Amino acid sequence: MGELLLIRHGETTWSASLRHTSYTDLELTPDGERQARTLAAFLVGRRFVTVLASPRVRALRTAQLAGLTVDGVDEDLSEWNYGEYEGRTTVDIHDDDPHWNIWTDGCPGGESPAQVGERLDRVLARVTPLLDRGTVALVGHAHSLRVLGARWIGLPPSAGGRLRLDTATVSALGHEHGRQVILRWNQPAPPAPGTATDSVPQR
């Protein structure tokens, strides 16, 4: 069985400032482009049955800079729809609602955890049969890929809250003794010499 690689896009101005970014279509920052290029070290020499990406520019550009050829764009790989919370930080939202938790409450005017789980389940239903032929890569976003990781191992969408995922990282899902498992998670590319390695906090 092949692996299912999950690739989170590189940095944008909003991810750097911890602002929730779903349908707002932002370009990568210069640092985000550098991050995406470093991902090529993980992917060089790999052969993929298929590479699917979110339709957002930040995901497609990350795939391009990482040396991937995207075979298809899948709307189900889009980021969690944050609705009224688009562009806001968790700290800002907590000023209005101190008890808000995206993993249990979802977003007003956007998606609930169950709705996000349903569409990531559709992605898994489409790509899991392809793993018989080799490795599949999915290029997407933090919250949606965290939900996908949770669903792969049979947990509810809310369990994605336990799976931190930084920008420009690679995670691998696979099998052990016939069980679906997480093989590697939130693995950053090796930093370029002289590059700061501090990770970005999660929103």
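# Reading a predicted fold

Mentor: From the N terminus on, the elements run β-α-α-α-β-α-β-α-α-α-β-α-β-β. This is a predicted model, in which local features need pLDDT of at least 70 and side-chain atom pairs count only at pLDDT 80 or more, while totals for chains, interfaces and linings use all residues. Residues are numbered from 1 along each chain as its sequence is written, and side-chain values use heavy atoms, with hydrogens and water left out.

Trainee: What makes a stretch a helix or a strand here, and how many of each are there?

Mentor: Both are DSSP runs numbered from the N terminus: H or I over at least four residues for a helix, E over at least two for a strand. The protein has eight helices and six strands.

Trainee: Why is the protein called as compact as a globular protein of that length?

Mentor: The globule rule is 2.2 Å times the number of residues to the power 0.38, and the radius of gyration is taken over C-alpha atoms. For 203 residues the rule gives 17 Å and the protein has 16 Å, which is close, so the protein is as compact as a globular protein of that length.

Trainee: Why is R34 called partly exposed?

Mentor: Buried means under 20% relative accessible area, exposed means over 50%, and partly exposed is in between (1.4 Å probe, protein chains only). R34, found in helix α2, has 28% relative accessibility and therefore counts as partly exposed.

Trainee: Which class do L18 and N186 fall into?

Mentor: L18, in the loop between α1 (13-16) and α2, is at 23% and so counts as partly exposed. N186, in strand β6, is at 17% and so counts as buried.

Trainee: What is notable about phi in L18 and in N186?

Mentor: Phi of L18 is near 65°, a positive value in a residue other than glycine. For N186, also a residue other than glycine, phi is positive and near 55°.

Trainee: How do you know that α8 is mostly covered?

Mentor: Ten of the eleven residues of α8 are buried, including H143, R146 and W152. The cover over these buried residues includes β1, α6, α7, β4, β5 (169-176) and β6 (179-188). Just after α8, G154 takes a positive phi of about 80°.

Trainee: Which residues of α4 are buried, and what covers them?

Mentor: In α4 (residues 57-65) the buried residues are R58, A59, T62, A63 and L65. Their cover includes β1, α2 (30-38) and β4.

Trainee: What makes a set of residues a nonpolar core?

Mentor: The members are buried Ala, Val, Leu, Ile, Met, Phe, Trp, Tyr and Cys residues joined through side-chain atoms within 4.5 Å. The largest such core has 26 residues, and those with the most contacts inside it are L4, W80, L138 and L148. β1 (4-8), α6 (102-105), α7 (113-127), β4 (135-140) and α8 (142-152) each supply at least two of its residues. α7 gives the most, with five. Apart from this core lies another, of 16 residues, among them L5, A59, A66 and V139.

Trainee: What does L4 touch, leaving aside its neighbours within four places in sequence?

Mentor: Contact means heavy atoms within 4.5 Å. By that test L4 is in contact with residues including L124, V136, L138, L148, W152 and L173.
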